[in-house]
Amino acid sequence: MKHRLLGAVAAAALAVGFAAAAEAKTLVYCSEGSPENFNPQINTTGTSFDTAYPIFNKLVEFEPGTTNVKPGLAKSWEVSDDGLTYTFHLQEGVKFHARKDFAPTRDFNADDVLTTFNRMWKADDAYAKVSGGAYDYFNDMGMPDLLSAIEKVDDLTVKFTLTKPNAPFIANLAMDFASIHSAEYMDQMLKAGTPERVDQEPIGTGPFILQAYEKDARILYKANANYFRGKQPIDKLIFAITPDQAVRTAKLIAGECDVAPYPGPADVEKLKADPNLQVQEQEGLNVGYLALNVKKAPFDNVKVRQAFNMAFDKDAIVKAVYQGAGQPAKNPIPPTIWSYNDEVPAFTYDPEQAKALLAEAGVKDLTIDLWYMPVQRPYNPDAKKVAELMQADLAKIGVTAELKTYEWGEYRKRLQAGEHLTGMLGWTGDNGDPDNFMGVLLSCGSAREGGQNIAKWCNEDFTKLIDEAAATADVAKRTELYKQAQVIFHNEAPWVPIAHSVVHMPMSKKVKGYKIHPLGTHIFEGVDIEE
């Protein structure tokens, strides 16, 4: 579909906006890719979440640089003794963004909360099928079955009723998919016959207002003068879309951008030595992995999956690609998250045993496709190089791997549809809870076509354990259940876990107040830049 953001005046607005930006206090972020759209309800990629984050607020939000939940559009909330009812008291006087073609007539209220969630939840909602109607996070987290009712108590009070207790619920509502939209704007666009504009030309309550988007080039935001937490220190925020890692680094060094994510591991020391730059670093809440599609032969055979887990020299991969900023993975969750089971044994690199297991499974002269990501991520800074190393390792056990990739949005879509035999992907946690890894990525519910369980692995015992863990607030009990689930994951081997990484964020020394977010989002609220 041709992108037509901000109507026919997009190009003109862009030109005027960037000229004005030169005179205002401006921060330039060299982002790594273009968004699918600007609505996090229908997105699954960090690239798109980053571009939507400045525009929206949630009922509850994470404190910068942490996984601690703080008030957002809800100033407070209570939970019933049985854990089934959550009552949110909303902020008063919060203003929605205004544009030339939309002027809100009221402040944020409970109607906006109900309208936002009903789009994802109610099949008969007028917006349910708009822009494809795929709400992957909402569905893969089991929200349709978890929600019993969402009710407007009054204009500033909303009550959520659940079908069963759910320990991660509050943290889940701090995730991007729960960003609150304007019901008034949605209604206006529906009546105009252009409901998809809600996803491409969004109206939120956030710290910045989207001004213009030039596909594959730049996104321009301006500070929201009416933001309920106060106007931002910077006047303009520009996303300069720069997919090439080396080009991003060069722009940062040249002063053409102020913040540049996903540096090449080999460049980190050079960036640290630059007197004009600063490099923040943090142990990542992430995992990179190769999913084995269990719905297709020969990966429907556990012996083949175990053979693949023995086929790769992960130490060599981490040394060559992560260059000291990573460690080999063995579990589906990182060691930086609670309930990590360190007693699970790692599969050892053993090509001879791998060949023996393939022989036991009756597999010989195997040719597979090995899909690798077209973008850089902290959990995998160079997927093509990882794929080439894996290709060489597989040749040693008599397996021919044909490398394949697609444009990032298409890549994700095809993986979630299950077109691949093996597919490389990864995950940075969304809320600091183990359920966000094991539930979203490995449950039976998320193994659906279009779901984020791209191994398409459904193990009822595994899913029962993580469901039981989510239903209790007892952290010790939850920890034990998640540890048991990791044992099942290891034995069934639906993935080849590759690595967990250290996250580096280089930026100009002029940038003040930026914090690496453990959940991977790049957040510019409260960030300033010296002129």
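Ala493 counts as buried, with a relative accessibility of just 2%, which falls under the 20% cut-off. In this predicted model, Ala493 sits in the loop between α18 (475-492) and β17. Its backbone is a bit unusual too: phi of Ala493 is near 50°, a positive value in a residue other than glycine.

Asp365 makes a handy partner for comparison. Asp365 also isn't a glycine, yet it has a positive phi of about 50°. This residue is found in the loop between α13 (351-360) and β14 (366-371). Buried or exposed, then, is Asp365? With 70% relative accessibility, Asp365 counts as exposed, because that value is over 50%. Another backbone feature turns up at Ala297 and Pro298, which are joined by a cis peptide bond with an omega of about 5°. Pro298 belongs to the loop between β12 (286-292) and α11 (302-311).

Now for the chain as a whole. It's built with 18 helices and 19 strands. Its radius of gyration is 23 Å, close to the 24 Å that the globule rule gives for 531 residues, so the chain is as compact as a globular protein of that length. Along the principal axes, the C-alpha atoms fill a box of roughly 70 × 55 × 40 Å. Of the 531 residues, 58% count as buried. Contacts reach far along the sequence: among those between residues at least 6 apart, 71% join residues at least 24 apart. The accessible surface comes to about 20200 Å², and 49% of that belongs to carbon and sulfur atoms.

There's some empty space inside as well. How many cavities of 30 Å³ or more does a search of the whole structure find? The search turns up three. The largest cavity has a volume of about 510 Å³. Its lining takes in 38 residues, and Gly46, Thr428, Leu519, Gly520 and Thr521 lie nearest the centre. Several elements give two or more residues to this lining, among them α2 (46-52), β11 (277-283) and β16 (422-428). Sorted by class, the lining of the largest cavity has 18 nonpolar, 12 polar and eight charged residues.

The second largest cavity holds about 160 Å³ of space. Of the 16 residues that line it, Pro263, Pro378, Pro381, Val502 and His504 are the closest to its centre. Which element gives the most to the lining of this second largest cavity? That's β17, with five residues. Here the lining of the second largest cavity divides into 11 nonpolar residues, four polar and one charged.

Conventions. Residues are numbered from 1 along each chain as its sequence is written. This is a predicted model: local features need pLDDT of at least 70, side-chain atom pairs count only at pLDDT 80 or more; totals for chains, interfaces and linings use all residues. Side-chain values use heavy atoms; hydrogens and water are left out. On a 1 Å grid over the protein atoms alone, a cavity is a set of points where a 1.4 Å probe fits but cannot get out, and a pocket is an open set with protein on both sides within 12 Å along at least five of seven lines; lining residues have an atom within 4 Å of a point. Grid points are joined across faces, edges and corners, and a volume is the space filled by probe spheres set on the points. Helices (H or I, at least four residues) and strands (E, at least two) are DSSP runs, numbered from the N terminus. Ala, Val, Leu, Ile, Met, Phe, Trp, Tyr, Cys and Pro count as nonpolar, Asp, Glu, Lys and Arg as charged, and the others, Gly among them, as polar. The radius of gyration is taken over C-alpha atoms; the globule rule is 2.2 Å times the number of residues to the power 0.38. Buried means under 20% relative accessible area, exposed over 50%, partly exposed in between (1.4 Å probe, protein chains only). Contact means heavy atoms within 4.5 Å. Accessible areas come from the Shrake-Rupley method with a 1.4 Å probe; for residues, only the protein chains shown count as cover.
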